[in-house]
Amino acid sequence: MSLPANFNGAKPIIDPANAAMLLIDHQSGLFQTIGDMPFTRVRAHATALAKMATLAGLPVITTASVPQGPNGPLIPEIHAAAPHAQYVARRGEINAWDNPDFVAAVKATGRKQLIIAGTITSVCMAFPSIAAVADGYQVFAVIDASGTYSKMAEEITLARVAQAGVVPMDTAAVASELQKTWHRDDAGQWAGIYTQIFPNYQLLIESYTKAQDVQKNHEALDSQRA
């Protein structure tokens, strides 16, 4: 069984104080190639990652592959959700880790854990994830915030990155490891992030909020009305 790389016996979990978020090539043109899940889900999950990085105080680095060409621009939600994100322009490199400016930006964060998502999964996420592991980083790859052209490509890539020592995760798991507890002042904002990951969670919040209002306002039940 493959083991997570560079953890040296420590638990392969995210440390918010030592992690940076890399959101790679979430571009409108590339989204049109996604076939393993609805592209709207990938878009929502990538935005959720940006929001949780902002709440948790993680550095965020973005980059795009020829955004002036058919791959299209970065979706605007990412920088709107993470205004502190640093964008790194590339000179055509397919693997973001082949761009010296991108690697320098990652090193400048001082963080040794990298949370990486990218479209497409098998290239834009996988290539830099594997390269970062080889350079000594602890890497968490967010599969459902990436997206590729087929379910088969997703499964093959998942096997490849795991064999390289990357830790595969889903967006909700990343949120939970960063949040750590509901006993925090910004718990409501974290709840909002979960509604973006799985919209049905909004129904739970609405029901809970209504129940609280009924108790607080001593609202009479319909069955008790005259």
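This passage walks through the sheet, the nonpolar cores, one buried serine and the aromatic pairs of a predicted model.

A good place to start is the sheet. Six strands make up an open sheet, and reading across it gives the order β3-β2-β1-β4-β5-β6, with parallel pairing. The edges belong to β3 (86-89) and β6, which have a single partner strand each, so one side of each is left without a neighbour in the sheet. Going from one strand to the next, the twist averages 25°. Strands of a sheet pair through backbone hydrogen bonds, and the pairing can be either parallel or antiparallel. Zooming in on β1 and β2, these two pair in the parallel sense over four bridges. One residue to look for here is Ile24, whose bridge partner in β2 is Thr63. As for helices, α2 lies across β1, β2, β4 and β5, and runs at about 150° to β1.

Next come the nonpolar cores. The largest one has 37 residues, and Met21, Leu49, Met52, Ile115 and Val174 are those with the most contacts inside it. At least two residues of this core come from each of β1 (19-24), α2 (39-56), α3 (77-81), β4 (113-118), β5 (138-142), β6 (167-169), α7 (171-179) and α8 (187-197). The most generous of these is α2, which gives seven residues. Leaving aside residues up to four places away in sequence, Ile115 touches Ile14, Ala19, Ala20, Met21, Leu22, Leu58, Phe140, Val142 and Val174. Apart from the largest core lies another, of 28 residues, and Leu114, Ala126, Ala132 and Ala141 are among them.

Ser65 deserves a stop of its own. This serine sits in the loop between β2 (60-64) and α3. The relative accessible area of Ser65 is 14%, which is under the 20% cut-off, so the residue counts as buried. Its side chain makes a polar contact with the side chain of Asn71, at 3.2 Å. Not counting residues up to four places away in sequence, Ser65 touches Asp25, Gln27, Asn71 and Arg90.

That leaves the aromatic rings. Searching the whole structure turns up five aromatic pairs. One of them joins Phe7 and Phe140 in an edge-to-face arrangement, at 5.8 Å centre to centre and with 80° between the planes. Phe7 lies in the segment before β1, whereas Phe140 lies in strand β5, so the pair ties together parts that are 133 residues apart in sequence. Both partners are tucked away: Phe7 is buried, with a relative accessible area of 6%, and Phe140 is buried too, at 0%.

Trp97 and Tyr137 form a pair as well. Their ring centres are 5.7 Å apart and their planes stand at 80°, so this pair is edge-to-face. Here, too, distant parts of the chain are linked: Trp97 is in the loop between β3 and α4 (100-108), Tyr137 is in the loop between α5 (121-134) and β5, and the two are 40 residues apart. Trp97 is buried, with a relative accessible area of 8%, and Tyr137 also counts as buried, at 4%. Add Phe102 to the picture, and ring pairs link Trp97, Phe102 and Tyr137 into a cluster.

How values were computed. Residues numbered from 1 in each chain as written. Predicted model: local features only at pLDDT ≥ 70, side-chain atom pairs only at ≥ 80, totals over all residues. Heavy atoms only, no water. Core = buried A, V, L, I, M, F, W, Y, C linked by side-chain atoms within 4.5 Å. Buried < 20%, exposed > 50% of the residue type's maximum accessible area, 1.4 Å probe, protein only. Contact = heavy atoms within 4.5 Å. Polar contact = N/O pair within 3.5 Å; in protein donor to acceptor, adjacent residues only side chain to side chain. Pairing = 2+ DSSP bridges. Axes fitted to C-alpha atoms, helices over the stretch in contact; angles between N-to-C directions. Phe/Tyr/Trp six-rings, centres within 6.5 Å; stacked < 30°, edge-to-face > 60°.
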